[in-house]
Amino acid sequence: MDFRLGPKAEEVRRQIRNFLAEHFSDADRRVAAQDGGGHDWNLYRKLAADGWVSAAWPKEYGGGGRDPYEILTLYWELSKSGFPWFALLNNSFIGHTLMAVGSDYHREEIVPKIASGEIAFALGYSEPGSGSDVAGARTTATRDGDDWIIDGQKMWTTTAHAVQYIFMLTRTSTHDRPHRGLTMFIVPTDAAGVDIQEIRIMGGERTNAVYLSKVRVPDANRVGEVDHGWSVVRFALGLEQAIGFAEFQERFVENAGRWVQERGPDGERPFDDPRVKEQLAQTAIHTEVSRLLRHRSAWLAARGRDLGAKGAMTKSFSGTAYLEDAQNWMDLVGPAGLLGEDADGALIHGAFAKAFVQTPVKTIYGGTAEILRSLVAEVELGLPKSR
């Protein structure tokens, strides 16, 4: 079988690599890594000017009409390079969601501004006590004439400090099941009563806690029907979960492959150790499986077929496999593996250390592995709900 993505995807790869060579130097990569916020307005607007922010959208909404294979390649190349692309990813999902379930106002006023690079969004799903179980949201939205008053707290709202809006899930009523009574809103980050506080996580990335006190938003900012926000958030989450982490795994196995060929002072290579050979092979296998799972999601999207829980499967496997490999490599390489990029004696520019501290959270992003496995069991295998 031929698993290549086709000439159009390869042309996207060429164009993005040229864009990165022109606009994203190694010094830029270091700055982005140190900042950890996942967004750079200057770089983002350069992408928007070249049409990449809205590349996946239909042309009638200002998009490029690119197919899923081209978009997979776009995200792959940006992410693998270390480009700060979180807002780009969020905006692509949110733009798709607004086109699918938003109002005419959203499609005519909000979507074109996303495409032009004028505005950007953060995701406001998780809360203290309900991270992956987003249906447990307790942030409330109460109707007040033509407006809504929002009170509560959101966690892990990456890029909220840098963007204009948060795509926020709220509870508008209480029903017998937590999935009911949810409503989605577009909340301005500069609205009165919004307080954004920085959180630094173990891998060096910045995320945020957002506190909301009597935040007033107009009903025009509501996305979807009142009390039916679960269908909106499931649509957006399905797009997010199908991404996975295969490009990070590919970069990691390439770095590991270079290191194992380096000769030490005794003239020996790490590759001469059977344990290293075995781990390199296992990492390559995990990477290939993750890549093919992601390709399957793109293939389903290209044919207009329902993803089901395939996205959850992709994200769950790639996140846990990457974590396992990062930990196993650290056991093999020893203390030198803990040295960061700028430390004397760092191995392959600190790649082992970076993967070791960054992989634990990748089993949490977009839903914990446990929650995602529950989705696979329920949707793909027809097993009873576990929660």
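**Exercises on a predicted model**

Setting aside neighbours within four places in sequence, glutamate 70 is in contact with Lys8, Ala9 and Val12. The structure used in these exercises is a predicted model.

**Exercise 1. Glutamate 70**

Determine in which helix glutamate 70 lies, and whether glutamate 70 is buried or exposed.

Solution. Step one is to place the residue: glutamate 70 belongs to helix 4, which covers residues 68-81. Step two is to apply the cut-off, by which buried means under 20% relative accessible area. Glutamate 70 has a relative accessible area of 6% and is therefore buried.

**Exercise 2. The span and bend of helix 6**

Check the span of helix 6, residues 104-116, against the value expected at 1.5 Å a residue, and locate the bend in helix 6.

Solution. Helix 6 has 13 residues, which should span 18 Å at 1.5 Å a residue. The expected span is 1.5 Å times one less than the number of residues. The end C-alpha atoms of helix 6 are 18 Å apart, so the two values agree. The bend, of about 30°, is at isoleucine 110, and proline 112 follows within four residues. Beyond the helix comes glycine 117, with a positive phi near 85°.

**Exercise 3. The buried residues of helix 6**

State which residues of helix 6 are buried and which elements they pack against.

Solution. The buried residues are His106, Arg107, Ile110, Val111, Ile114 and Ala115. To interpret their positions, recall that an α-helix has 3.6 residues a turn, so residues three or four places apart point the same way. The partners of the buried residues are helix 3 (41-49), helix 5 (86-101), strand 1 (121-124), strand 5 (182-188) and strand 8 (222-223).

**Exercise 4. Two partners of helix 8**

Describe how helix 8 is arranged relative to helix 9 and to helix 11.

Solution. Two packed helices are described by the angle between their axes and the distance between the axes. For helix 8 (residues 246-259) and helix 9 (residues 274-302), the axes come within 9 Å and cross at roughly 155°. Helix 8 is therefore roughly antiparallel to helix 9, and the crossing is left-handed. Among the residues that meet are Phe252, Val253 and Ala256 in helix 8 and Leu280, Thr283 and Ala284 in helix 9.

The axes of helix 8 and helix 11 (residues 351-362) come within 11 Å, crossing at roughly 155°. These two helices are therefore roughly antiparallel to each other, and helix 8 passes helix 11 in a left-handed crossing. Helix 8 contributes Phe248, Phe252, Asn255, Ala256 and Trp259 to the contact, and helix 11 contributes Ala351, Phe352, Ala355 and Lys362.

**Exercise 5. Positive phi in residues other than glycine**

Give the location and burial of aspartate 227 and isoleucine 348.

Solution. Aspartate 227, with a positive phi of about 70°, is in the loop between strand 8 and helix 7 (229-241). At a relative accessible area of 22%, aspartate 227 is partly exposed. Isoleucine 348 has a positive phi near 40° and is in the loop between helix 10 (310-333) and helix 11. Its relative accessible area is 13%, so isoleucine 348 is buried.

**Exercise 6. Glutamine 164**

Find how far apart glutamine 164 and aspartate 190 are in sequence and in space.

Solution. Glutamine 164 is in the loop between strand 3 (147-155) and strand 4 (165-171). Glutamine 164 and aspartate 190 are 26 residues apart in sequence, and their C-alpha atoms are 7.1 Å apart in space. Leaving aside neighbours within four places in sequence, the contacts of glutamine 164 include Trp41, Arg45, Pro188 and Thr189. With 25% relative accessibility, glutamine 164 counts as partly exposed.

Definitions and conventions. Residues are numbered from 1 along each chain as its sequence is written. This is a predicted model: local features need pLDDT of at least 70, side-chain atom pairs count only at pLDDT 80 or more; totals for chains, interfaces and linings use all residues. Side-chain values use heavy atoms; hydrogens and water are left out. The bend at a residue is the angle between axes fitted to the seven residues ending there and the seven starting there. Buried means under 20% relative accessible area, exposed over 50%, partly exposed in between (1.4 Å probe, protein chains only). Contact means heavy atoms within 4.5 Å. Axes are lines fitted to C-alpha atoms, for helices over the stretch in contact, and angles run from 0 to 180 degrees between N-to-C directions. Angles under 35 degrees count as roughly parallel, over 145 as roughly antiparallel, 65 to 115 as roughly perpendicular and the rest as oblique. A crossing is left-handed if the near helix is turned anticlockwise from the far one by less than a right angle, and right-handed if clockwise.
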